[in-house]
Amino acid sequence: MLAIENVIKTYHKRMGKINAIDGVSLDIAKGSFVVLNGPSGSGKTTLLMAIASMLHPSAGSVTIDGTDIYRLSAMQRARFRAANIGFIFQMFHLIPYLSIIENVLFAAGVTKTQNARSTAKEIIAQLSLTDRMHHRPSELSAGEKQRAAIARAMLNKPRLILADEPTGNLDPHNAEIVLGHLSDYNRQGGTVIVVTHGDQAKRYATRTIQMENGRVVADTAS
């Protein structure tokens, strides 16, 4: 499903050139649950952003289901991302003045059909948020906010869900709930890639990729 070929991301600093990603090549099969693990500064989030079509590599290619995403125009990439990729952020990035269902429907773009609303309600129910559906983010716990962010990522039934430290702001109990929902999505056929510096997500992974200094140093099937 996902082919990463010799991806490099270079930043030019006063002290010289820094490769945040340094020649990474990976093939990830459809239906995988991949954990990108490594310490802060290892390049795992930079790689995730490149996979998400949000950060143009300095060299190399990222191909999703046969589409070389960086050969697309910016507008084409945005449309491709909306249709195929769900993104979950550590800091939730919910819109504070919208209710939870409105935040989830935000992923539908300008076309918020009745079908999209019905789907949003179904996903919200699956994530045990029905009684919080009309609350604003400030009225939710951290775990509830992250579940709302997962619901938003799942609305368009993307082929690929990318999660950047999705449990980083959660206690162990809520972290397990969030990882359990991502695992459920994976079991239904979705491909999931989770960036983390901890070990909790590894129990759910079909594959764990360890990164250091912008490179893959270990790649283990579970």
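## Exercises on two pockets

About 520 Å³ of space lies in the largest pocket of this predicted model. A pocket is an open set of points on a 1 Å grid over the protein atoms alone, where a 1.4 Å probe fits, with protein on both sides within 12 Å along at least five of seven lines. Grid points are joined across faces, edges and corners, and the volume is the space filled by probe spheres set on the points. Residues are numbered from 1 along each chain as its sequence is written. Local features need pLDDT of at least 70, side-chain atom pairs count only at pLDDT 80 or more, and totals for chains, interfaces and linings use all residues, while side-chain values use heavy atoms, with hydrogens and water left out.

**Exercise 1.** Find which residues lie closest to the centre of the largest pocket.

*Solution.* Start with the lining, meaning residues with an atom within 4 Å of a point. The largest pocket has 17 such residues, and closest to its centre are A82, I85, F106, A107 and R152. Next, look at the elements, which are DSSP runs numbered from the N terminus: helices (H or I, at least four residues) and strands (E, at least two). Two or more lining residues come from each of α2 (74-84), β6 (85-88) and α5 (142-154). Of these, β6 gives the largest share, 3 residues.

**Exercise 2.** Now do the same for the second largest pocket, with about 330 Å³ of space.

*Solution.* Here 18 residues form the lining, and Q126, M154, K157, Y185 and Q188 are closest to the centre. Then come the elements giving two or more residues: α4 (114-126) and α6 (172-187). Finally, α4 gives the most, with 4 residues.
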